[in-house]
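Trainee: I would like a close look at a single part of this model. Please take the nonpolar interior and whatever bears on it.

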Amino acid sequence: MLEFFRRMRRRSTPSTDTWMGRCIGTASPAELEHARGLLTDRHGTAPFVEPGGDEYELWRAGKLVPFYLTELLNAGGHCGPEVDAACLAEEPAVDRWEVGVEYPSWEQTVALARLLDVRVRDLAHPDAEPRHHEVRPRRTMSGLAILSFEPAAVAVATAGAGAAERVAPDNRPDD
């Protein structure tokens with residue numbers, strides 16, 4: 001049992017030499033600039049208002065940023081199964097959102113924004129793109145900013161959410 005905890009401890013501080021399958025020093029200038037933009041171009045948040053079609057399109061395009069979810073949850077002191085319940089999800093869904101392996105449904109995204117008292121657009125960045133990572137962490141780690149969702153997770157959550165759909169007054173896409 002002691003060996004198990006030692007392995008877990010070592011894993012919680014990943015080496016940058018091989019993190020996400022490559023050395024950070026091998027990232028192209030464009031990749032570094034993209035990451036820098038997602039981390040530093042954050043706009044201020046505003047109180048929750050019912051989302052519109054533009055926010056639905058951000059969600060549908062996979063523009064939510066796991067790091068933003070984590071930071072806003074931490075800033076508000078939100079943790080535990082109560083968060084999943086408030087987001088219309090079953091535990092450990094929110095944890096899986098934070099590492100980018102599961103993408104919230106539209107209803108869950110709106111519930112999360114409502115819980116955090118921010119607009120849906122505050123959970124997204126227009127330059128964010130779903131990206132596959134061979135070595136994605138299984139849980140959030142201090143000092144690690146996860147900037148994208150897995151493309152497959154976005155595809156599953158947004159299946160049936162066509163470009164021609166618009167947001168109805170009850171925040172659900174028209175059927």
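Mentor: What follows goes from the whole chain to its cores, and then to one buried charged side chain. The model is predicted. The protein chain has eight helices and zero strands, and 37% of its 175 residues count as buried. Among contacts with a separation of 6 or more, 73% are between residues 24 or more positions apart.

The largest nonpolar core holds 28 residues, and Trp-97, Leu-112 and Leu-123 touch the most other members. At least two residues of this core come from each of H3 (53-60), H4 (66-75), H6 (93-99), H7 (106-116) and H8 (151-158). H7 gives the largest share, five residues. Leu-112 can be followed outward: leaving aside residues up to four places away in sequence, Leu-112 touches Leu-69, Leu-73, Cys-87, Trp-97 and Leu-123. A second core is separate from this one; it has five residues, including Val-65, Tyr-68, Ala-128 and Leu-147.

Arg-136 belongs to the loop between H7 and H8. Its relative accessible area is 12%, so Arg-136 counts as buried, the cut-off being under 20%. Two polar partners of its side chain can be named. A polar atom of the Arg-136 side chain lies 2.8 Å from the backbone oxygen of Val-99, and a polar contact of 2.7 Å links the side chains of Arg-136 and Glu-150.

As for the outside, the protein chain exposes about 10,000 Å², of which carbon and sulfur atoms supply 55%.

Methods:
Residues are numbered from 1 along each chain as its sequence is written. This is a predicted model: local features need pLDDT of at least 70, side-chain atom pairs count only at pLDDT 80 or more; totals for chains, interfaces and linings use all residues. Side-chain values use heavy atoms; hydrogens and water are left out. A nonpolar core is a set of buried Ala, Val, Leu, Ile, Met, Phe, Trp, Tyr and Cys residues joined through side-chain atoms within 4.5 Å. Buried means under 20% relative accessible area, exposed over 50%, partly exposed in between (1.4 Å probe, protein chains only). Helices (H or I, at least four residues) and strands (E, at least two) are DSSP runs, numbered from the N terminus. Contact means heavy atoms within 4.5 Å. A polar contact is a pair of N or O atoms within 3.5 Å; within protein, one must be able to donate a hydrogen and the other to accept it, and residues adjacent in sequence count only if both atoms are side-chain atoms. Accessible areas come from the Shrake-Rupley method with a 1.4 Å probe; for residues, only the protein chains shown count as cover.
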